[in-house]
Amino acid sequence: MTGVRSPLVAATPVATSHLVRVPVTTVWTAPDSPRPVDAAIVADEPDAAAWLAALDANAGDDESGNGRLGLHGRVETQLLAGEPVVLTGTDTTGTWSHVVAPWQLSPKDERGYPGWVPTAHLVAAAARSAGVPRAQIDASGSSPDGGGHPAVEEARRHVGLPYLWSGISTLGFDCSGLVLHTWRLLGVVVARDAYAQADFAAPVELDAVRPGDLYFFARPGRRIHHVGIVVRPGRMVHASETGGVLVEEDLTADRVATLVAAGRLPMP
């Protein structure tokens, strides 16, 4: 990886105003980004299962259609129940709130990942600060085939799960969402997007990777677009949009050709 490293740093406490009160809310690029097919996930009481079923009824659609690919350019990320946010404004109707999410670091805003969510999905929080989530998995141990490393073990649990652009939950992941989810369970706040994760991680030589490190991929002249969790050198577990599911596999020829960097994220 070349160039100047991002100023992203580990999360410091940020005063938050609201919490997510629903199981999962999707963060949109603008209040008018949702399509009619997205009605179930933007309802006051969202139904994620119904939403995914509606998307999958249009599985053959391209990015201009009503399937999962149509989320490109419309959706930024997701937030989960209890996740803190900073409310930065609302639309003219008050139906939509613009927030930043401190548990998802981003160069887009030093306070956290920004975007729009339905106001009904938030609840006011008592004065508090949001530093890091509570660790839920043990961070001890590693073995040559990745077994024992908590990042690899957690990712393996979801092999076969359909890919979901912007997903950060067990409903579906995108590549960087899987990384975010895994390190959040370790109690560590990291960057949200693959290119930002590459800048956030400590660089590792490609021939020195070990289980739990990250592989980063980019096309010539373009920024990093994909990330996978190293199982062992030459093998990773990742949420693959081209494959449509979360998979563990050896690096394919195309992956080898676009492998540009490796990195190591903080551990608790």
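# Exercises on a predicted model

Tyr215 stands opposite Ala262 in β15. The model behind these exercises is predicted.

## Exercise 1: Build the sheet

Work out the strand order of the sheet that holds β11 and β15, and name its edge strands.

Step 1. Start from the pair β11 and β15. They are antiparallel and share 4 bridges. Besides the Tyr215 pair, Phe216 stands opposite Ala261 in β15.

Step 2. Look at the other partner of β15. Strand β10 (residues 202–204) joins β15 (residues 259–264) through 3 bridges, again antiparallel. Here Val204 has Ala262 as its bridge partner.

Step 3. Go the other way from β11. β11 and β12 pair antiparallel over 4 bridges. Leu214 stands opposite Ile229 in β12.

Step 4. Continue to β13. It runs antiparallel to β12, with 3 bridges between the two strands. Arg232 has Arg235 in β13 as its bridge partner.

Step 5. Assemble. The order is β10-β15-β11-β12-β13-β14, an open sheet of 6 strands with antiparallel pairing. The edges are β10 and β14 (245–250), each pairing on one side only. Neighbouring strands are turned by 35° against each other on average, direction ignored.

## Exercise 2: Inspect the hairpin

Find how many residues separate β12 from β13, and which turn residue has a positive phi.

Step 1. Count the link. The hairpin of β12 and β13 has 2 residues between its strands.

Step 2. Check the backbone. Gly234, in the turn, has a positive phi of about 85°.

Step 3. Look for a positive phi elsewhere. Gly187, which follows α4, has a positive phi near 85°.

## Exercise 3: Place the helix on the sheet

Determine which strands α4 lies across, and whether its residues are buried or exposed.

Step 1. Find the strands. α4 lies across β11, β12, β13 and β14. Its angle to β12 is about 55°.

Step 2. Test burial, with the cut-off at under 20% relative accessible area. In α4, 11 of 11 residues are buried. They include Cys175, His181, Trp183 and Arg184.

Step 3. Compare β12. In that strand 6 of the 7 residues are buried, so β12 is largely enclosed by the rest of the structure.

## Exercise 4: Trace the cores

Identify the residues with the most contacts inside the largest nonpolar core, then the elements that supply it.

Step 1. Name the centre of the contact network. The core has 38 residues, and Trp183, Leu214, Ile229 and Leu265 have the most contacts inside it.

Step 2. List the suppliers. α3 (150–156), α4 (175–185), α5 (194–200), β11 (214–217), β12 (226–232) and β13 (235–240) each give at least two residues.

Step 3. Follow Trp183. Beyond its neighbours within four places in sequence, its contacts include Leu214, Ile229 and Leu265. Ala151, Val188, Val190, Gly212, Pro266 and Met267 are also in contact with Trp183.

Step 4. Add the other core. It lies apart from the largest one and has 13 residues, among them Val37, Ala48, Leu52 and Val75.

Step 5. Relate this to a general trend. In soluble globular proteins, nonpolar side chains tend to be buried together.

## Exercise 5: Map the pocket

State the volume of the largest pocket, and which element gives the most to its lining.

Step 1. Take the volume. The largest pocket holds about 840 Å³ of space.

Step 2. Go to the lining. It has 33 residues, of which Tyr163, Trp165, Cys175, His225 and His226 lie nearest the centre.

Step 3. Assign the elements. Two or more lining residues come from each of β3 (75–80), α4, α5, β13, β14 and α6 (253–258). β13 gives the most, with 3 residues.

## Exercise 6: Contrast two residues

Decide whether Pro36 and Val75 are buried or exposed, and describe the setting of each.

Step 1. Locate Pro36. It is in the loop between β2 (24–28) and α1 (39–42). Its relative accessible area is 77%; the cut-off for exposed is over 50%, so Pro36 is exposed.

Step 2. Locate Val75. It is in strand β3. Its relative accessible area is 4%, so Val75 is buried under the 20% cut-off.

Step 3. List the contacts of Val75 beyond four places in sequence. They are Thr26, Val27, Trp28, Thr29, Trp165 and Ser166.

Step 4. Read two C-alpha separations. Pro36 and Asn66 are 30 residues apart along the chain and 8.5 Å apart in space. Val75 and Asp109 are 34 residues apart in sequence and 17 Å apart in space.

Technical notes: Residues numbered from 1 in each chain as written. Predicted model: local features only at pLDDT ≥ 70, side-chain atom pairs only at ≥ 80, totals over all residues. Heavy atoms only, no water. Core = buried A, V, L, I, M, F, W, Y, C linked by side-chain atoms within 4.5 Å. Buried < 20%, exposed > 50% of the residue type's maximum accessible area, 1.4 Å probe, protein only. Contact = heavy atoms within 4.5 Å. Pairing = 2+ DSSP bridges. Axes fitted to C-alpha atoms, helices over the stretch in contact; angles between N-to-C directions. 1 Å grid on protein atoms, 1.4 Å probe; cavity = no way out; pocket = protein on both sides within 12 Å on 5 of 7 lines; lining within 4 Å. Points joined across faces, edges and corners; volume = space filled by probe spheres on them.
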